[in-house]
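Here are my notes on the model, set out as numbered points. Please read them with the coordinates open.

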Amino acid sequence: MKSILKIMTLLFSASVLLSSCGNNNGKSSGNNSALNSSNAEKVYVAPGEYDEFYAFMSGGYSGNLTVYGLPSGRMFKEIPVFSQFPTTGYGYSEETKPMLNTSFGMVPWDDSHHPDISQTNGVLDGRWVFINGNNTPRIARISLKTFETEEIIEVPNSAGNHSSSFITENTEYVVAGTRFSVPVPQADLPINEYKGKFKGALSFISVDKETGRMGIKFQILMPGFNYDLSHPGRDKSHGWFFFTTYNTEEANSLLEVNASQNDKDFIAAINWKKIEEYVNNGGGTKMPANYAHNVYDEHTHTATSTMEKEVLTVNPADIPGAIYFLPTPKSPHGCDVTPSGEYIIGNGKLSADLTVHSFAKMLDAIENKKFDGDAYGIPILKYEDILAGVVKSGGLGPLHTEFDDKGNAYTTFFISSEVVKWKIGTWEVIDRKPTYYSVGHLMIPGGNSRKPFGKYVVAMNKITKDRYLPTGPELEHSAQLYDISGEKMELIYDFPTHGEPHYAAGIPADLIKGNSQKIYRLDENKHPYAITSPDQAKVTRNGKEVHISMAMIRSHFTPDNIEGVKVGDKVYFHITNHEQDFDVPHGFAMIGANNSELLIMPGQTKTLTWEPKQVGVWPFYCTDFCSALHQEMQGYVRVSPANSDIELSWSLDGE
């Protein structure tokens, strides 16, 4: 009962503090420094110049990934990943529909949370960015060459794929840890029998070094806790992975109270190299499963979806010495490892202090068997034996920590709405700056690697009060940019973000600039309906299916007049953009299509389906302003009655 009272008191105090900091009668406070100094010069990027860094921000409930420049805060692109995106036709075109296939059928939305950039030797290499779908567990791989989603793999035996998608320092694995434990395999069980019967799956997804192709190597079936966030070991701790847990009480109802009873939950330390060796030698149990693996081929411009039928599972009891629990106060959220790999920081969101574990002490405790019992056979290390230090922050609600290149750490505090800078090793608080308001995660470019670029920190705030005009009950979220090149942090800019950014990954622009792909070569287009010359255009009928192989180039379609289509037909527009000039996409939209437009890049082919329902002559047109004669880029389809005998035909300029 005392524990409950303490928690309720803490939550009440937090709510009061949150309310007070969010109510300032519409006036900003504490940010005048951004107006009274030359800070604007620090974020100004002159016309024609590039930003120094690119930031990839999760779109949260938008399901996508957004790209921003730093320090300008300019949004460059929204990359469709898990959600249909009418701007380009992603998830609507026949070529991209398979990307959203799952074992539940097409799921055209998700909740994207944590991007992470591929690394080699613990340093950003600029090849891919990975991100998780939280709702229907999935991991996506996006090419940093094209800024297109190339692959999505569903994660079976998982639910609420939250502690994802973080990668090991040579991109050997991207992990997918479950937030919700569930019956594994799924079964019709009474929910109140949760304790002991539900499992938490931690999935290690291998990444091919050359192609990036993903595959689930193994899943560890853990006790039925909630696995919140994770971080790979670095340098000396490379080969380990760390996951925060909450709900070690294994409650199944009113978790805001019942999952906060224990003074300490755990960070699960996983020796993945030991488990990898175990499975490479034939260990593990193959379990029937059903999950989708979707891959986009950049040569055919087409995705395929394959249903996988089994997954290799690992029981921790079968691999002694591979998994340990590190006691950590209290309901820890962030789980962050310093660039040196020595310290593991647990951000107990109901704790005012930060807990720092020592990797060296952890190994010593393991070697000397300094255990404090076990949980489902997994040894629990003694808290005092692994503790490196405690950061007495004075803040409330610590969530997430990142690092600069000068031996400092930066932690967000949700409840007290601030970023706190502290020194690694001395645990001394150096500086603190308010945010407006209620910051979640933060990002330093490369801050999740062995080589951070400690020039800026971006705070991703959940509430935007006092920043923009108070029009409507909800505003875009707000990111705030701090200059961290000096001893003290300095707020220099803020800008709106799309969806609910949970996390971001930043990279120097130079690392992606040299590898950028500007066009798709028309002579390399392997799409089965592609035409590489307008004289290859054709219109064919197969029963009630009509296939139109169409070319588009400034400023007309070939063909642009089609007759003989009937009510009840299913019309496929297979359209190839014949431009070979950078940044000249063309669009395509058909009146009455129960679909989207298409936005087709130079050299690319996409397909839109249209089922005409009414007799008449119906126009189509280009949706992307492509030339002075853009308005003239149009055509017609004549639709006749279903019993019509009008022959299928097409023409261009009357020919």
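Where is Ser555 found?

1. Ser555 sits in the loop between strand 35 (545-553) and strand 36 (556-558). The model is a predicted one, and the peptide bond from Arg554 to Ser555 is cis in it, with omega near 5°. Please look at this bond in the coordinates.

2. A cis peptide bond also runs from Leu70 to Pro71, with omega near 20°. Pro71 belongs to the loop between strand 2 (65-70) and strand 3 (75-79).

3. His301 has a positive phi, near 55°, and is not a glycine. The residue is placed in the loop between strand 16 (285-297) and strand 17 (302-314). His301 counts as buried because its relative accessibility is 2%, the cut-off being under 20%.

4. Ser438, likewise not a glycine, has a positive phi of about 50°. Its loop lies between strand 28 (429-434) and strand 29 (439-443). With a relative accessible area of 0%, Ser438 is buried.

5. On internal space: searching the whole structure gives 3 cavities of 30 Å³ or more. The largest has a volume of about 70 Å³. It is lined by 15 residues, of which Gly446, Gly447, Asn448, Ala505 and Gly506 are the closest to its centre. At least two lining residues come from each of strand 6 (116-120) and strand 33 (504-508). The lining divides into 8 nonpolar, 5 polar and 2 charged residues.

6. For the second largest cavity, the volume is about 40 Å³. Its lining includes Phe166, His231, Cys335, Asp336, His400, Glu402, His441 and Asn448. Two or more lining residues come from each of strand 13 (226-232), strand 19 (332-337) and strand 25 (398-403); strand 13 gives the largest share, 3 residues. By class, 4 of the lining residues are nonpolar, 5 polar and 2 charged. Asn448 thus lines this cavity and is also among the residues closest to the centre of the largest one.

7. Asp116 deserves a separate entry. This residue, in strand 6, is buried but has no salt bridge. Which side chain of opposite charge is nearest to Asp116? That is Arg234, 4.7 Å away, whereas a salt bridge needs a nitrogen and a carboxyl oxygen within 4 Å. The Asp116 side chain does have polar partners: the backbone nitrogen of Ile167 at 3.1 Å, and the side chain of Asn448, with which it makes a polar contact (3.1 Å).

Definitions and conventions: Residues are numbered from 1 along each chain as its sequence is written. This is a predicted model: local features need pLDDT of at least 70, side-chain atom pairs count only at pLDDT 80 or more; totals for chains, interfaces and linings use all residues. Side-chain values use heavy atoms; hydrogens and water are left out. On a 1 Å grid over the protein atoms alone, a cavity is a set of points where a 1.4 Å probe fits but cannot get out, and a pocket is an open set with protein on both sides within 12 Å along at least five of seven lines; lining residues have an atom within 4 Å of a point. Grid points are joined across faces, edges and corners, and a volume is the space filled by probe spheres set on the points. Helices (H or I, at least four residues) and strands (E, at least two) are DSSP runs, numbered from the N terminus. Ala, Val, Leu, Ile, Met, Phe, Trp, Tyr, Cys and Pro count as nonpolar, Asp, Glu, Lys and Arg as charged, and the others, Gly among them, as polar. Buried means under 20% relative accessible area, exposed over 50%, partly exposed in between (1.4 Å probe, protein chains only). Lys and Arg count as positive and Asp and Glu as negative; His and the chain ends are not counted. A polar contact is a pair of N or O atoms within 3.5 Å; within protein, one must be able to donate a hydrogen and the other to accept it, and residues adjacent in sequence count only if both atoms are side-chain atoms.
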